Amino acid sequence: MLFKARTWGEMKMLAARDEYLQEASETIFRMSADDLVRKRCLDREEYYQDLRSYERKIELDRIEHEQDLRNYERKIKQDRIEHEQDKRNYEKKIEQDRLKYEQNRIEHERIVAEKEEEIRQLRAQLARMKE
């Protein structure tokens, strides 16, 4: 028997008149349904595998991002410590240079005072010699 059915409902109506056709259509329906269910199960499993992969990737990216942040924060902290150390070293150097300058200025003034005294004494000698 040749028949045309576009839906399972039409097939059911045609098979209602013939017990063999009804049994064959139910078998085809079960086999098709099993394939459809199997396809849906495979699709669902693939979906969940993809979802887990995406979630793992997101988690790995999050962990990497947090690690990068911690590294940047450590670098900033280290740079800040180095900057503060450099600043203290420069301030110490400036103070040492200021003290050295002050010592040199005092030494210079002492030498100038000695030379002025020596000049004063030489002028006094020269004046005595002229008399």
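How many salt bridges does the structure hold? The count is 14, and this tour will stop at several of them.

**Before you start**

This is a predicted model, in which local features need pLDDT of at least 70 and side-chain atom pairs count only at pLDDT 80 or more, while totals for chains, interfaces and linings use all residues. Residues are numbered from 1 along each chain as its sequence is written, and side-chain values use heavy atoms, with hydrogens and water left out.

**Stop 1: the whole chain**

Show the protein chain as a cartoon first. You will find 2 helices and 0 strands; both kinds of element are DSSP runs numbered from the N terminus, helices being H or I over at least four residues and strands E over at least two. The radius of gyration of the chain is 52 Å, well over the 14 Å that the globule rule gives for 131 residues, so the chain is more spread out than a compact globule. That radius is taken over C-alpha atoms, and the globule rule is 2.2 Å times the number of residues to the power 0.38. Turn the C-alpha trace along its principal axes, and its span is about 165 × 20 × 15 Å.

Now switch on the surface. Its accessible area comes to about 12,800 Å², with 55% belonging to carbon and sulfur atoms (Shrake-Rupley method, 1.4 Å probe; for residues, only the protein chains shown count as cover). Of the 131 residues, 3% count as buried. Here buried means under 20% relative accessible area, exposed means over 50%, and partly exposed is in between (1.4 Å probe, protein chains only).

Try colouring by charge as well. The chain has 31 positive and 33 negative charges, and their mean positions are 4 Å apart. Lys and Arg count as positive, Asp and Glu as negative, with His and the chain ends not counted; each charge is placed at NZ of Lys, CZ of Arg, CG of Asp or CD of Glu.

**Stop 2: from one helix to the other**

Select Glu10, which sits in helix H1 (residues 8-15). At 33% relative accessibility, Glu10 is partly exposed. Next, add Arg110: the two residues are 100 apart in sequence, and their C-alpha atoms are 125 Å apart in space.

For another long view, pick Glu102 in helix H2. Glu102 is partly exposed too, with a relative accessible area of 27%. Between the C-alpha atoms of Glu102 and Lys12, which are 90 residues apart along the chain, the separation is 114 Å.

**Stop 3: two tyrosines**

Which aromatic pair should you look for? A search of the whole structure finds 1 aromatic pair. Select Tyr47 and Tyr48, whose rings meet edge-to-face, 5.1 Å centre to centre and with 70 degrees between the planes. Rings of Phe, Tyr and Trp (its six-membered ring) pair if their centres lie within 6.5 Å; planes under 30 degrees apart count as stacked, over 60 as edge-to-face and the rest as tilted. Tyr47 is partly exposed at 47% relative accessible area, and Tyr48 is partly exposed at 37%.

**Stop 4: salt bridges along helix H2**

Side chains of opposite charge can pair when their charged atoms come close. A salt bridge here is a side-chain nitrogen of Lys or Arg within 4 Å of a carboxyl oxygen of Asp or Glu.

Begin with Asp43 and Lys39, whose closest N and O atoms are 3.0 Å apart. Both lie in helix H2 (residues 19-130), 4 residues apart, about one turn of the helix. Asp43 is partly exposed at 35%, and Lys39 is partly exposed at 46%.

Move on to Glu109 and Arg105, where the side chains meet in a salt bridge of 2.4 Å, N to O. These residues are 4 apart in helix H2, which separates them by about one helical turn. Relative accessibility is 29% for Arg105, which counts as partly exposed, and 44% for Glu109, also partly exposed.

Salt bridges that share partners join Glu59, Arg62 and Glu66 into one network, so select those three together. Within it, Arg62 bridges to Glu59 with the closest N and O atoms 2.3 Å apart. Arg62 and Glu59 lie 3 residues apart in helix H2, about one turn. Arg62 is partly exposed at 36%, and Glu59 is partly exposed at 34%.
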